[in-house]
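Grab a pencil and keep the viewer open. Each exercise below sets a small task and then walks through a solution.

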Amino acid sequence: MTMSSTLADKVETIGLREPVAAAAFLGGAPVFALADGTLHFGDGAEGRRIPAHQDAAILVVAQDGDRLVTGGDDGRVVATDAKGGVEVIGDEKGKWIDAVAARGGAVAWTAGKVARARSAKGDAKTLDLPSTSRGLAFFPKGYRLAIAHYGGATLWFPNAGKPEALDWAGSHLDATISPDGRFLVTSMQENMLHGWCLADGKHMRMAGYPGKTRSFSWSHDGKWLATSGADACIVWPFSGKEGPMGQAPRECGVHSAIVTRVAFHPAALVIAMGYEDGLVMLARLTDGSEILVRRPAQDADRARISALAWDEKGARLAFGAENGDAGVLSLPKA
């Protein structure tokens, strides 16, 4: 990757006029999920718009290859492909969709105190939860889910066996599984992370955040977990048997505003970071070098970066903000 002091001139800016809930690349093209229920396809402001949730808001988003799965306040779970084809995966009859996850054609979601999983073949299973859940993640292998909720997390094979409970007091929000399947990490209401080593059930406590972590991203080699929630991107080491326990995290991109979104490059130890003032920056983990992608917004009101996504090759980065500002960075070729 070519590094210089700024890449701001390599960004195509897009005014979407609606808060951006998520960004992705489908079929090589950028797609932005908007709060008004539509998906914006294409680089320009005049790109194609698909009404995934008619007269409703998109609340949660997950990508599965060339499909974007969205959950709305209309109670529907919708999969949209790269050509704009829309399929309704589930309908909770008006209950808000609190979380979605997707992998290998399978889709899972939560609504209220219920989790549902739909296999790639279309078979659906339901699990009652101890509380509402906003954190849901598929394991990298097998048809297995981790679900975060009040009091800990639940591990669930939808097609077999009794769910396994992992207990830890407090309200657990988001959930993520390490690429090797060894660790489960959840964010918490108490401005900290909690984790479990799944082989032996040992706990991992990661504290010291001034705000809540609502964005995770694993490095391509699975040895690092980048997190939001501080005035720098906090990156925890996971190469050891006990994960980050006994090791200090690294900090990247120290700034006067809080990091709101993080995204590791798909093939390099480079992290994209978005901040609550609209700043977007890249940082290289190996030497700490930083590069500007987007300057802070002149009007800080609702300028927080709410979406970051690399394309499959790591050649382009899409970002979006709560005020409707968005852009696509095309990295210069080495």
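**Exercise 1. Work out how well strand S24 is covered, and what pairs with it.**

Step 1. Start with the cover: S24 (residues 259–264) has five buried residues out of six, so call it mostly covered (buried means under 20% relative accessible area, exposed over 50%, partly exposed in between, with a 1.4 Å probe and protein chains only). Strands here are DSSP runs of E with at least two residues, and helices are runs of H or I with at least four, both numbered from the N terminus.

A word on the ground rules before going on. This is a predicted model, with residues numbered from 1 along each chain as its sequence is written. Local features need pLDDT of at least 70, side-chain atom pairs count only at pLDDT 80 or more, totals for chains, interfaces and linings use all residues, and side-chain values use heavy atoms, with hydrogens and water left out.

Step 2. Now the partner: S24 pairs with strand S25 (residues 270–275) in the antiparallel sense, over five bridges. Two strands pair if DSSP finds at least two bridges between them.

Step 3. Look across the ladder from Val262, and you land on its bridge partner Met273 in S25.

Step 4. Five residues sit between S24 and S25, and the two strands form a hairpin.

**Exercise 2. Is Thr260 buried or exposed, and which residues does it touch?**

Step 1. Find Thr260 in strand S24.

Step 2. Its relative accessible area is 6%, so Thr260 is buried.

Step 3. List the neighbours, skipping residues up to four places away in sequence: Thr260 touches Ser215, Ser228, Gly274, Tyr275, Glu276, Arg304 and Ile305 (contact means heavy atoms within 4.5 Å).

Step 4. For a distance check, take Asp277: 17 residues separate it from Thr260 in sequence, and 9.4 Å separates them in space, C-alpha to C-alpha.

**Exercise 3. Trace the strands S7, S8 and S9 and find what stands on either side of Val78.**

Step 1. S7 (residues 67–72) and S8 (residues 76–81) run antiparallel, joined by five bridges.

Step 2. S8 also pairs with S9 (residues 86–91), again in the antiparallel sense and over five bridges.

Step 3. Pick out Val78 in S8: Thr70 stands opposite it, while its bridge partner in S9 is Val88.

Step 4. Check the turns. Three residues lie between S7 and S8 in their hairpin, where Gly75 has a positive phi of about 85°. The S8–S9 hairpin has four residues in between, and its Gly84 has a positive phi of about 95°.

A reminder while you're looking at strands: in a regular strand the side chains alternate between the two faces of the sheet.

**Exercise 4. Place His53 and say which residues it contacts.**

Step 1. His53 belongs to the loop between strand S5 (48–51) and strand S6 (58–64).

Step 2. Loop or not, His53 counts as buried, because its relative accessibility is 1%.

Step 3. Beyond its neighbours within four places in sequence, His53 is in contact with residues including Asp36, Gly37, Ile58, Asp74 and Arg76. Thr70 and Val78, the pair from Exercise 3, are among its contacts too.

**Exercise 5. Go through three more loops and note what Arg17, Asn191 and Thr286 are doing there.**

Step 1. Arg17 is in the loop between S1 (11–15) and S2 (20–26). Its phi is near 65°, a positive value in a residue other than glycine. With 61% relative accessibility, it counts as exposed.

Step 2. Asn191, in the loop between S17 (183–188) and S18 (193–197), isn't a glycine but has a positive phi of about 60°.

Step 3. Thr286 lies between S26 (280–284) and S27 (290–294), in the loop. It's exposed, because its relative accessible area is 57%.

**Exercise 6. Step back: what does the chain look like as a whole?**

Step 1. Count the elements: 30 strands and zero helices.

Step 2. The radius of gyration is 19 Å, which agrees with the value near 20 Å for a compact globule of 334 residues (taken over C-alpha atoms; the rule is 2.2 Å times the number of residues to the power 0.38).

Step 3. The C-alpha trace spans about 55 × 50 × 35 Å along its principal axes.

Step 4. Of the 334 residues, 54% count as buried.
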